Amino acid sequence: MAGFDRIDRISAEVARELDRILRDEVHDPRLGGTWSILRAEVTRDLRYCKVRVSVLEPEKRKDVMAALKSAAGFSRRELGRRVELRYVPELLFEMDTNI
């Protein structure tokens, strides 16, 4: 089970750094309102990362998701600079409406 602990730690670090990058570095006016990264799930081979995002205002969900998807390349490059990994995972943003 040690492999899962490692992936969980990497996922938590990716979520933390992605939140910093998106809030501080990305200056897209569509990224407004109340939103948060709930969870990042990095695959075991470190190639992909599903990022679960929650947006409080229903009318802004489409704009926030479009802004996140358009900033995915920049976010991945910045993530590679901040987190030391062999492979920087491709970011796949998904809406989470469970709240």
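## Strand 2 meets strand 3

In this predicted model, Val53 stands opposite Met95 in strand 3. Another facing pair is Cys49 and Leu91, with Leu91 in strand 3. Strand 3 covers residues 90-95. Strand 2 and strand 3 run parallel, and six bridges link them.

How do strands in a sheet hold on to each other? They pair through backbone hydrogen bonds, in either a parallel or an antiparallel way.

## Strand 2 meets strand 1

Strand 1 spans residues 35-42, and its pairing with strand 2 is antiparallel. This pairing has seven bridges. Here Ala40 faces Val51 of strand 2.

The two strands, 1 and 2, make a hairpin. Five residues lie between them.

## The turn residue Leu46

Leu46 sits in the loop that joins strand 1 to strand 2. Its phi is near 65°, which is a positive value in a residue other than glycine.

Is Leu46 buried or exposed? The cut-off for buried is under 20% relative accessible area. Leu46 has 6% relative accessibility, so it counts as buried.

## The whole sheet

Put the strands together and you get an open sheet of three, in the order 1-2-3, with mixed pairing. Strand 1 and strand 3 are the edge strands, because each pairs on one side only. On average, neighbouring strands of this sheet are turned by 25° against each other, direction ignored.

Why is strand 2 described as largely enclosed by the rest of the structure? Strand 2 takes in residues 48-55, and six of its eight residues are buried, so the rest of the structure encloses most of it. In a regular strand, side chains alternate between the two faces of the sheet.

## Helices 2 and 3

Helix 2 is made of residues 61-70. It lies across strand 1, strand 2 and strand 3. Relative to strand 3, helix 2 runs at about 175°.

Helix 3 covers residues 72-82. Which of its residues are buried? They are Ala72, Ser75, Glu78 and Leu79. These four cover an arc of only 130° around the axis, so they lie on the same side of helix 3. A general rule helps here. An α-helix has 3.6 residues a turn, so residues three or four places apart point the same way.

Key. Residues numbered from 1 in each chain as written. Predicted model: local features only at pLDDT ≥ 70, side-chain atom pairs only at ≥ 80, totals over all residues. Heavy atoms only, no water. Buried < 20%, exposed > 50% of the residue type's maximum accessible area, 1.4 Å probe, protein only. Axes fitted to C-alpha atoms, helices over the stretch in contact; angles between N-to-C directions. Contact = heavy atoms within 4.5 Å. Arc of directions from axis to C-beta.
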